[in-house]
Structure formats: C-alpha cells, structure tokens
Amino acid sequence: MKNKVKQNNKKIILETIIIPLCILYLYYMAFNNHPKTSLVISSIVTIITCIEFIVLYIHEVYVYENQYNFLKVLVTVLCILLIIFTGINLFIKLNIIKIIYLVLIILFLIHLLYFVIKSIIKIIKEKGVLYKNVFAAFFGLISFVIILVSTIISL
C-alpha cells in the first residue's frame, strides 16, 4: 500500500511540473512579439502573487508562535517593494526604476522557486496536507513561469 501512495505522489509531482511547462510554451508562443502586453500580464500576476505572499506571511508571523521568522518578514517587505515598483515601472520609463524592478523580480523569483521546491519536498516526504502542498507547488510554479517568461519578453 505504501508503494502505491509513493507512485501516486510521483504522478502528482510530474503533473504539477508538466502542466506549468506547457503553459510556459504556450505563453511564450502567444506573447513573443508583444512586449507591452507581456509586461502588463507580468505586472498583474506579480501583484496578485505578492499580495498572496503578504497575506500568508503576515498571518503566519503575527498569529502563530513563530513571531520572529526573519525570512518571512523580509519576503513581506520585498513583496511590498515589488508591488510599488511594479506600478511605477508600468507608468514611468526610467532606467534606474527598470533596474530596481529587475533586481526585485529576480529576488522574488528566487523565493518563488524556493517555495515551490519546498512544497514538492513536502509532497515527496508526505508531510502536511497533500492537497495544500500540491496547490502551493502548482500555482507557485505557474506564477514563476509566467513572471519569468513575461519579464524576459518585456526586456
């Protein structure tokens, strides 16, 4: 029985990774020659994902007993800055704003990749609630793919 659960988890992980990769291909083919549209979509997905992390981490840091988790507070500040610079980058075309925006996006993508890998490891080790980890990995990977590809296209 234990072997069947492991195979089922491997299938879930495979589907969690393959579907965002297919979305990556379709997104790239659809918006390859449209950098402005890609920037707007990237900005929308970035803002939604940042708001999700802000709500999640503020709730975890200030409600539960892990009040002094420095990484979560740092990521919350990063998300707030990213929301501000995403809005500024849409309307003001200064090189310094674009550079700061790219640095913040790179840091956020690194954190998003860490979040996805951590969720996949929880699925493999069967820690926590399975469907929560699958949703976190799936939607985190979709956000990662869309933000990465649209940022590259909009450069």
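In this predicted model, S154 has a relative accessibility of 16% and therefore counts as buried, since the cut-off for that class is under 20% relative accessible area. S154 is placed in helix 5, which covers residues 130-154. A polar atom of the S154 side chain lies 3.1 Å from the backbone oxygen of T151, and, once residues up to four places away in sequence are set aside, S154 touches P35, S38, L39 and K98.

A second serine, S119, is found in helix 4, which runs over residues 95-124. With a relative accessibility of 4%, S119 likewise falls under the 20% cut-off and so counts as buried. When its neighbours within four places in sequence are left aside, S119 is in contact with N133, A136 and A137, and these three partners carry numbers that fall within the range of helix 5, residues 130-154.

Helix 3, made up of the 22 residues 70-91, offers a check on geometry: at 1.5 Å a residue it should span 32 Å, and because its end C-alpha atoms are 32 Å apart, the model agrees with that expectation. The expected span is obtained by multiplying 1.5 Å by one less than the number of residues. Along this helix, K72, V75, T76, L78, C79, L82, F85, T86 and N89 are buried.

Among these buried residues of helix 3 is L82, whose relative accessible area of 0% is the reason that it is classed as buried. What does L82 touch, not counting residues up to four places away in sequence? The residues in question are T46, C50, Y101, L104, I105 and F108. For one of these partners, Y101, a backbone distance can be added: the C-alpha atoms of L82 and Y101 are separated by 7.0 Å, although the two residues stand 19 residues apart along the chain. Y101, L104, I105 and F108 have numbers within residues 95-124, the range of helix 4, so that contacts of L82 in helix 3 reach helix 4 by the numbering that defines these elements.

Elsewhere on the surface, V73, V77, I80, L81 and I84 make a nonpolar patch of about 370 Å². One of the residues of this patch, V73, lies in helix 3, and its relative accessibility of 31% means that it counts as partly exposed, a class that takes in values between the 20% limit for buried residues and the 50% limit for exposed ones. Helix 3 thus holds both L82, which is buried at 0%, and V73, which is partly exposed at 31%.

Note on methods. Residues numbered from 1 in each chain as written. Predicted model: local features only at pLDDT ≥ 70, side-chain atom pairs only at ≥ 80, totals over all residues. Heavy atoms only, no water. Helix = DSSP H or I, 4+ residues; strand = E, 2+ residues; numbered from the N terminus. Buried < 20%, exposed > 50% of the residue type's maximum accessible area, 1.4 Å probe, protein only. Contact = heavy atoms within 4.5 Å. Patch = residues over 30% accessible without salt bridge, like charges linked within 9 Å, V, L, I, M, F, W, Y side chains within 5 Å. Areas by Shrake-Rupley, 256 points an atom, 1.4 Å probe, with all protein chains shown as cover. Salt bridge = Lys/Arg side-chain N within 4 Å of Asp/Glu carboxyl O. Polar contact = N/O pair within 3.5 Å; in protein donor to acceptor, adjacent residues only side chain to side chain.
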